[in-house]
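Please work through the exercises below with the sequence and the model side by side, and try each task before reading its solution.

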Amino acid sequence: MTALVLAIALAATPQARLDAAKHRWQRLHARNYTYFVTPTCGRCETTTGRIKVRNGKPVGTPPALRAYDTVPELFARIQRAIDSHPYRVDVTYDRRGVPRMLAVDEDRSLADDVTGYMVERFRRG
């Protein structure tokens, strides 16, 4: 029973959830897809843009969104957030492993320091 409790606790870690999402994404073998992404940060202006990926490569991404223009890049941002050991990391994924939301709070005592992104309307093809 102790192993079961440990397995449940480990499965809830951000790293374990990221690893599981990456595995689901890899099984999907998606090379062509689109989604809308909105970077988020405390007091900065945000812009929402359409991301289009063909044969695994971004196509026509607006310059302000180039850091968010493939699902592997979204995963990399999550990994960097986890590795930085912030006060809090919140991430959600859809059933295919696609990140839906990342919110990183670097410091508990700072206001308006939450950064991340939102992903909406993911479509294959």
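The exercises that follow concern a predicted model, and each one is a task with a stepwise solution.

**Exercise 1. The fold in outline**

Task: Work out how many helices and strands the protein chain has, and in what pattern they follow one another along the sequence.

Solution. Step one is the count, and the secondary structure of the protein chain comes to three helices and six strands. Step two is the order, which, read along the sequence, is α-α-β-β-β-α-β-β-β. As a last step, consider burial over the whole chain: of its 125 residues, 35% count as buried.

**Exercise 2. The largest pocket**

Task: Describe the largest pocket by its volume, its lining residues and the elements that supply them.

Solution. Begin with the volume, which for the largest pocket is about 160 Å³. Next, list the lining, which consists of Lys 22, Trp 25, Gln 26, His 29, Ala 30, Arg 31, Tyr 33, Gly 56, Pro 72 and Phe 75. Then assign these residues to elements: α2 (14-28) and α3 (71-83) are the elements that give two or more residues to the lining, and the largest share, three residues, comes from α2. Finally, sort the lining by chemical class, which gives five nonpolar, three polar and two charged residues.

**Exercise 3. An aromatic cluster**

Task: Identify the residues that form one aromatic cluster together with Trp 25, and classify the ring geometry of the pairs Trp 25 with Tyr 33 and Tyr 33 with Tyr 35.

Solution. The count of aromatic pairs in the model comes to six. For Trp 25 and Tyr 33, the centre-to-centre distance is 5.2 Å and the planes stand at 90 degrees, an edge-to-face arrangement. For Tyr 33 and Tyr 35, the ring centres are 6.1 Å apart and the planes lie at 15 degrees, so this pair is stacked, because planes under 30 degrees apart count as stacked. The cluster itself is made up of Trp 25, Tyr 33, Tyr 35 and Phe 122.

The next step is to ask how accessible these residues are. Trp 25 has a relative accessible area of 8% and is buried, Tyr 33 is buried at 2%, and Tyr 35 is buried at 1%. Phe 122, which lies in strand β6, is likewise buried, with a relative accessible area of 4%. The C-alpha atom of Phe 122 is also 9.9 Å from that of Arg 50, although 72 residues separate the two in sequence.

**Exercise 4. Two residues with positive phi**

Task: Compare His 29 and Arg 121 by phi, by place in the chain and by accessibility.

Solution. Start from the background, which is that most residues other than glycine have a negative phi. Against this, His 29 has a positive phi of about 55 degrees although it is not a glycine, and Arg 121 has a positive phi near 55 degrees, again in a residue other than glycine. The second step is location: His 29 is found in the loop between α2 and β1 (33-40), whereas Arg 121 belongs to strand β6 (residues 114-124). The third step is accessibility, where His 29 at 62% counts as exposed and Arg 121 at 48% counts as partly exposed, because the exposed class requires over 50%. To complete the picture, His 29 is one of the residues that line the largest pocket, and Arg 121 lies over the face of Phe 36, at 3.8 Å from the ring centre.

**Exercise 5. Two loop residues**

Task: Decide for Asp 94 and for Ala 64 whether the residue is buried or exposed, and name one partner for each.

Solution. Place Asp 94 first, in the loop between β4 (88-93) and β5 (99-105). At 11% relative accessibility Asp 94 counts as buried, because buried means under 20%. The partner of Asp 94 is Arg 96, and the two side chains make a polar contact at 2.6 Å.

Turn then to Ala 64, which lies in the loop between β3 (57-58) and α3 and which, at 57% relative accessibility, counts as exposed. A partner in space is Gly 49, which is 15 residues from Ala 64 in sequence and 9.0 Å away, C-alpha to C-alpha.

Definitions and conventions. Residues numbered from 1 in each chain as written. Predicted model: local features only at pLDDT ≥ 70, side-chain atom pairs only at ≥ 80, totals over all residues. Heavy atoms only, no water. 1 Å grid on protein atoms, 1.4 Å probe; cavity = no way out; pocket = protein on both sides within 12 Å on 5 of 7 lines; lining within 4 Å. Points joined across faces, edges and corners; volume = space filled by probe spheres on them. Helix = DSSP H or I, 4+ residues; strand = E, 2+ residues; numbered from the N terminus. Nonpolar A, V, L, I, M, F, W, Y, C, P; charged D, E, K, R; others polar. Phe/Tyr/Trp six-rings, centres within 6.5 Å; stacked < 30°, edge-to-face > 60°. Buried < 20%, exposed > 50% of the residue type's maximum accessible area, 1.4 Å probe, protein only. Lys NZ or Arg CZ within 6 Å of the ring centre and 35° of its normal. Polar contact = N/O pair within 3.5 Å; in protein donor to acceptor, adjacent residues only side chain to side chain.
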